[in-house]
Amino acid sequence: MITRYQILFACLFLLAACNHNAPVRDSQLALMKTTNPKPLVTDQNKSNDSVKEIKKDVSSFPELYDVAVIKGKKDTLVVYKVKHLYRFKMKKIEKNVNKKLEKKYPKENFTVSSDYKIFLEAVRLDEQMKSAKFSHKEAEKRLEDIVKMTDKTK
Amino acid sequence: MPTTKEKNTTPQQRNYQQLQQKHEIKRPVLKNCLKAFFVGGFICAIGQAVSYFYIYFFDFTEQSVGNPTVATMVFFSMLLTGFGVYDRLGQFAGAGSAVPVTGFGNAVISAAIEHRTEGFVLGVGGNMFKLAGSVILFGVFSAFVVALIKTLLVIWGVL
C-alpha cells in the first residue's frame, strides 16, 4: 500500500524534474551566494572606469564581501553584503564607506546600502541591462526607483 | 544542622524521601537542550526562508520584511495548533518550540480552543490572551524602556 510519505516524495521528485533544464540566473541565488556583479553605468556609451575604481575601493573594506555599483545620471548606487560577524557594526561600516567615497569622489552623489533587497534589485537590473530590449532610459528609471527604495530603508 | 522542614518530618517520611530520591529518574537536561536547539533552529530557518520569499517576490526590504514574516509564522503555528501538531512538537522540543514567535501563536490559539465552550466573548475573548497577554505587556514595556534609553543617548550625542 502506498503511504502518504511515498506520495509526498514522489511529488517532490516530480516537481523537481520540472525545473531541470531552466537556466539558473544570478538573481535567483543572489540572496544566498556571492554573485559579485560587474560595476555598471546606466548610460552604456559612457566608460565605466570610474565605477570599477569605486567598486575596488568599497571591496577593500575587510568587513564586506559582495559589492554592486551602479552609476546613473544623478546618483551612484553602492550596495554590499556585510560578513556575518560584522553585522552588529552595520551603521558604523556604512558611515565609513560613505565617508571614504565622498572624500575620494566629492562630485558624485552616493547612495550606500547593505540591504539584501537593494542588492537583489541591483543584480536584477544588471541582468535586464544585458538584454537589447532594455533601454538606457528604462535603466535610469529603474535605478531611480531603487534609490527611492533605499531612502525608505533609512 | 537540619532545616525547619526536616525537623517537622518524621523518620519514616525522611526514609521515604531518601528512597524516592534514589528511584527518581534524572531529567535529561543535555538531551532536552539539544532537542530545543535543533527544533528551534529549524523553526528559525523556516522563518528565514519565509523572509527571503517576501524579499524575492514582493517589494519588502530587509527592514520591512519582519512584519509579514512574523505574521506568516504565527499563522502557520495557529494552523498547526488547530490540527494538534504543534502540541506534539511542544512535547518533543520544549523551549525550542515555545521561544520562537510560533510559540506565541500557539499560546493564543490553544487558550482560545480550550475556552471556546464558554462562549465567544467571555470564553474565547476573555481567555485568549491569558498567557500571551503578559508576553505583549512585557514586550511593549521593554521596547518602551529601550527606546527611551536610545532617545536619551541620541540626545546626549553618545550614539
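Which residues touch the most other members of the largest nonpolar core? The exercises below concern a predicted model, and the first of them takes up this question.

**Exercise 1. Describe the largest nonpolar core and the elements that supply it.**

Solution.

Step 1. The largest nonpolar core has 30 residues, and those that touch the most other members are Ala68(A), Ile70(A), Val78(A), Val79(A), Phe119(A) and Ala122(A).

Step 2. At least two residues of this core come from each of the following elements of chain A: strand 1 (40-41), helix 2, strand 2 (64-71), strand 3 (75-82), helix 3, helix 4 (116-130) and helix 5 (136-152). The element that gives the most is helix 4 of chain A, with eight residues.

Step 3. A second core, separate and of seven residues, includes Phe104(B), Ala107(B), Val108(B) and Ile109(B).

Step 4. Consider Val78(A) in detail. With residues up to four places away in sequence not counted, Val78(A) touches Ile54(A), Val58(A), Val69(A), Val97(A), Leu101(A), Phe110(A) and Val112(A).

**Exercise 2. Analyse the packing of helix 2 against helix 3 in chain A.**

Solution.

Step 1. Begin with the geometry. Helix 2 (residues 49-59) of chain A packs against helix 3 (residues 90-104) of chain A at an angle of about 145°, and the two axes are 10 Å apart. The crossing of helix 2 and helix 3 of chain A is right-handed.

Step 2. Identify the residues. Helix 2 of chain A contributes Ile54(A), Asp57(A) and Val58(A), which meet Val97(A), Lys100(A), Leu101(A) and Lys104(A) of helix 3 of chain A.

Step 3. Sort them by class. The contact of helix 2 with helix 3 of chain A has four nonpolar and three charged residues, and no polar ones.

**Exercise 3. Determine whether Leu101(A) is buried, partly exposed or exposed, and list its contacts.**

Solution.

Step 1. Leu101(A) is placed in helix 3 of chain A.

Step 2. A residue needs 20 or more other C-beta atoms within 10 Å to be buried. Leu101(A) has 19 C-beta neighbours inside 10 Å and therefore counts as partly exposed.

Step 3. Apart from neighbours within four places in sequence, the contacts of Leu101(A) are Ile54(A), Asp57(A), Val78(A) and Phe110(A).

Step 4. For a distance in space, take Pro62(A): Leu101(A) and Pro62(A) lie 39 residues apart in sequence, and their C-alpha atoms are 16 Å apart.

**Exercise 4. Characterise two loop residues of chain A, Asn36(A) and Ala132(A).**

Solution.

Step 1. Asn36(A) is found in the loop between helix 1 (4-18) and strand 1 of chain A. Its phi is near 45°, a positive value in a residue that is not glycine. In general, most residues other than glycine have a negative phi.

Step 2. Asn36(A) has 13 other C-beta atoms within 10 Å, so it is partly exposed.

Step 3. Ala132(A) lies in the loop between helix 4 and helix 5 of chain A. Because it has 6 C-beta neighbours inside 10 Å, Ala132(A) counts as exposed.

Step 4. Ala132(A) and Lys92(A) are 40 residues apart along the chain, and their C-alpha atoms are separated by 40 Å.

**Exercise 5. Describe the overall form of each chain.**

Solution.

Step 1. Establish the secondary structure. Chain A has five helices and four strands, in the order α-β-α-β-β-α-β-α-α along the sequence. Chain B has nine helices and zero strands.

Step 2. Compare chain A with the globule rule. For 154 residues the rule gives 15 Å, whereas the radius of gyration of chain A is 19 Å, so chain A is more spread out than a compact globule. Its C-alpha trace spans about 75 × 40 × 25 Å along the principal axes.

Step 3. Repeat for chain B. The radius of gyration of chain B is 23 Å, while a compact globule of 159 residues would have one near 15 Å. Along the principal axes, its C-alpha atoms fill a box of roughly 70 × 50 × 40 Å.

Step 4. Consider burial. In chain A, 31% of the 154 residues count as buried; in chain B, buried residues make up 17% of the 159 residues.

Step 5. Consider contacts with a separation of 6 or more. Residues 24 or more positions apart account for 63% of these in chain A and for 55% in chain B.

**Exercise 6. State how many residues each chain gives to the contact between chains A and B.**

Solution.

Step 1. Chain A gives eight residues and chain B gives seven residues.

Step 2. On the side of chain B that touches chain A, four residues are nonpolar, two are polar and one is charged.

Definitions and conventions:
Residues are numbered from 1 along each chain as its sequence is written. Chains are lettered from A and ligands numbered from 1 in the order in which they are written. This is a predicted model: local features need pLDDT of at least 70, side-chain atom pairs count only at pLDDT 80 or more; totals for chains, interfaces and linings use all residues. Two residues are in contact if their C-beta atoms, placed from the backbone, lie within 7 Å. Ala, Val, Leu, Ile, Met, Phe, Trp, Tyr, Cys and Pro count as nonpolar, Asp, Glu, Lys and Arg as charged, and the others, Gly among them, as polar. Axes are lines fitted to C-alpha atoms, for helices over the stretch in contact, and angles run from 0 to 180 degrees between N-to-C directions. A crossing is left-handed if the near helix is turned anticlockwise from the far one by less than a right angle, and right-handed if clockwise. The radius of gyration is taken over C-alpha atoms; the globule rule is 2.2 Å times the number of residues to the power 0.38. A residue is buried if 20 or more other C-beta atoms lie within 10 Å of its own, exposed if 12 or fewer, and partly exposed in between; C-beta atoms are placed from the backbone. A nonpolar core is a set of buried Ala, Val, Leu, Ile, Met, Phe, Trp, Tyr and Cys residues joined through C-beta atoms within 7 Å.
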